[in-house]
Amino acid sequence: MTTLLYGRPPAVFDPPGEAVQVSPLIPGSQRLEDMAEGGADTIMIYAPPGVLERRYTLALALKALKPGGRLDVMAPKDKGGSRLKKELAAFGVELTESAKAHHRRCMVIRPGSLTGVDEAIAAGAPRLVEDLEAWSQPGIFAWDRVDAGTMLLAQTLPPLKGAGADLGCGYGALATVVLASPAVTALRLIDLDRRAVEAARRNIDDPRPTFDWADARTVEAGGDLDFVVMNPPFHDGGAEDRRLGQAFIRQAAAMLKKGGVLWLVANRHLPYEADIAAAFKRAQPVADRGGYKVIEAVK
């Protein structure tokens, strides 16, 4: 019996312990896109909040299920749960819906035929975004634009040199700016989102970078880098969590050699200065515009 699991549902929903994980946000997972059509008996999905990303995931899951297989989907009511029933029904399936622990949960038995799944997959698939002139995909952070914070950091950065890392690289917008300096000898791009790493790999035609699908907070830190650049996340599951950025700052310090430089952009209200002061020899604000701040810190 083949069981797939997408994401990490709360324990109250009793996620299967022996399932094959297929979330792009859990490093090492298998790809839902690569699952054989009709090969899965059951699939449980903790649905993502974005509409295009969620419908793409649901459509892929329905294609991966065998006729008669069971799809079990849940999402917080205010992050797509209230839409689950309508979105699933649009694929031509019958379902039951229940509410539990501030979530909506839908149960589907896959029928022999489906409607609209190919269109949903096409709408959520990787594509070349013309305004960016870059590959991206719904679900990646700021997937169809250059985030304002990243833009400010890109405009502020001096030409860098030596070996460095981009923590939370996204589809590679900031890395492209860093690599414009011929004095950069190597750049390690790290992101928790497999889709972002795949997009960055497509967008950057340069022999100097390496690409890691990993949690930037836990990668090996050798203390040998000349620079780190980052626009760290500060949301986890939609809720603000300043500990994410604080962990990125500590990780950057661990990755840098003495005299190495961190370039960080963050929302102005985030109180990272104390964490930077604790981990770095000196720091200074370099830019403050549009609700964002750029800080340079030297280890």
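Is Asp193 buried or exposed? In this predicted model, Asp193 comes out as buried, because its relative accessible area is 6%, under the 20% cut-off. The residue sits in the loop between β10 and α6. Leaving aside residues up to four places away in sequence, Asp193 touches Pro24, Leu25, Gly139, Ile140 and Trp213.

Asp205 makes a handy counterpoint. This aspartate is found in the loop between α6 (194-203) and β11, and with a relative accessibility of 81% it counts as exposed, because the cut-off for that class is over 50%. In space, the C-alpha atoms of Asp205 and Thr176 are 9.5 Å apart, while in sequence the two residues are 29 residues apart. Thr176 turns up again below, in the lining of a pocket.

Now for the sheets. One of them is open and built from six strands, which line up as β2-β1-β3-β4-β6-β5 with mixed pairing. At its edges are β2 (20-21) and β5 (95-100), each of which pairs on one side only. Further in, β3 (residues 40-46) and β4 (residues 65-76) run parallel and are joined by six bridges. Tyr46 has Met74 of β4 as its bridge partner. Helix α1 (51-64) lies across this part of the model, over β1 (3-6), β3, β4 and β6 (103-109), and runs at about 155 degrees to β4.

The other open sheet to look at has seven strands, in the order β11-β10-β9-β12-β15-β17-β16, again with mixed pairing. Here β11 (209-213) and β16 (282-289) stand at the edges with a single partner strand each, so one side of each has no neighbour in the sheet. Going from one strand to the next, the twist averages 15 degrees.

Within this seven-strand sheet, β12 is worth a closer look. Strand β12 (residues 225-230) pairs with β15 (residues 256-267) in the parallel sense, over five bridges. Met230 stands opposite Leu264 in β15, and Val229 has Trp263 of β15 as its bridge partner. Two helices pack on the sheet and touch both of these strands. Helix α4 (residues 148-156) is in contact with β12, β15, β16 and β17 (292-298), and its direction makes about 50 degrees with that of β17. Helix α7 (residues 242-255) touches β9 (162-167), β10 (184-191), β12 and β15, with its direction at about 155 degrees to that of β15. Strand β9 also runs parallel to β12, and four bridges join the pair. One of the residues involved is Ala165, whose bridge partner in β12 is Val228. With five of its six residues buried, β12 is largely enclosed by the rest of the structure.

That leaves the empty space. The model holds one cavity of 30 Å³ or more. About 60 Å³ of space lies in the largest cavity, and its lining is made up of Tyr6, Val22, Pro24, Leu32, Glu33, Glu53, Tyr56, Thr57, Leu60, Gln137, Arg194 and Arg195. Pro24 is also one of the residues touched by Asp193. Helices α1 and α6 each supply at least two of the lining residues, and α1 gives the largest share, with four. By class, the lining divides into six nonpolar, two polar and four charged residues.

As for the pockets, the second largest one contains about 220 Å³ of space. Its lining counts 14 residues, and those nearest the centre are Leu132, Val146, Tyr171, Ala173 and Thr176. The elements that give two or more residues to this lining are α4 and α5 (173-178). Helix α4 is also one of the helices packed on the seven-strand sheet. In terms of chemistry, the lining of the second largest pocket has eight nonpolar, four polar and two charged residues.

Technical notes:
Residues are numbered from 1 along each chain as its sequence is written. This is a predicted model: local features need pLDDT of at least 70, side-chain atom pairs count only at pLDDT 80 or more; totals for chains, interfaces and linings use all residues. Side-chain values use heavy atoms; hydrogens and water are left out. Two strands pair if DSSP finds at least two bridges between them. Axes are lines fitted to C-alpha atoms, for helices over the stretch in contact, and angles run from 0 to 180 degrees between N-to-C directions. Contact means heavy atoms within 4.5 Å. Buried means under 20% relative accessible area, exposed over 50%, partly exposed in between (1.4 Å probe, protein chains only). On a 1 Å grid over the protein atoms alone, a cavity is a set of points where a 1.4 Å probe fits but cannot get out, and a pocket is an open set with protein on both sides within 12 Å along at least five of seven lines; lining residues have an atom within 4 Å of a point. Grid points are joined across faces, edges and corners, and a volume is the space filled by probe spheres set on the points. Ala, Val, Leu, Ile, Met, Phe, Trp, Tyr, Cys and Pro count as nonpolar, Asp, Glu, Lys and Arg as charged, and the others, Gly among them, as polar.
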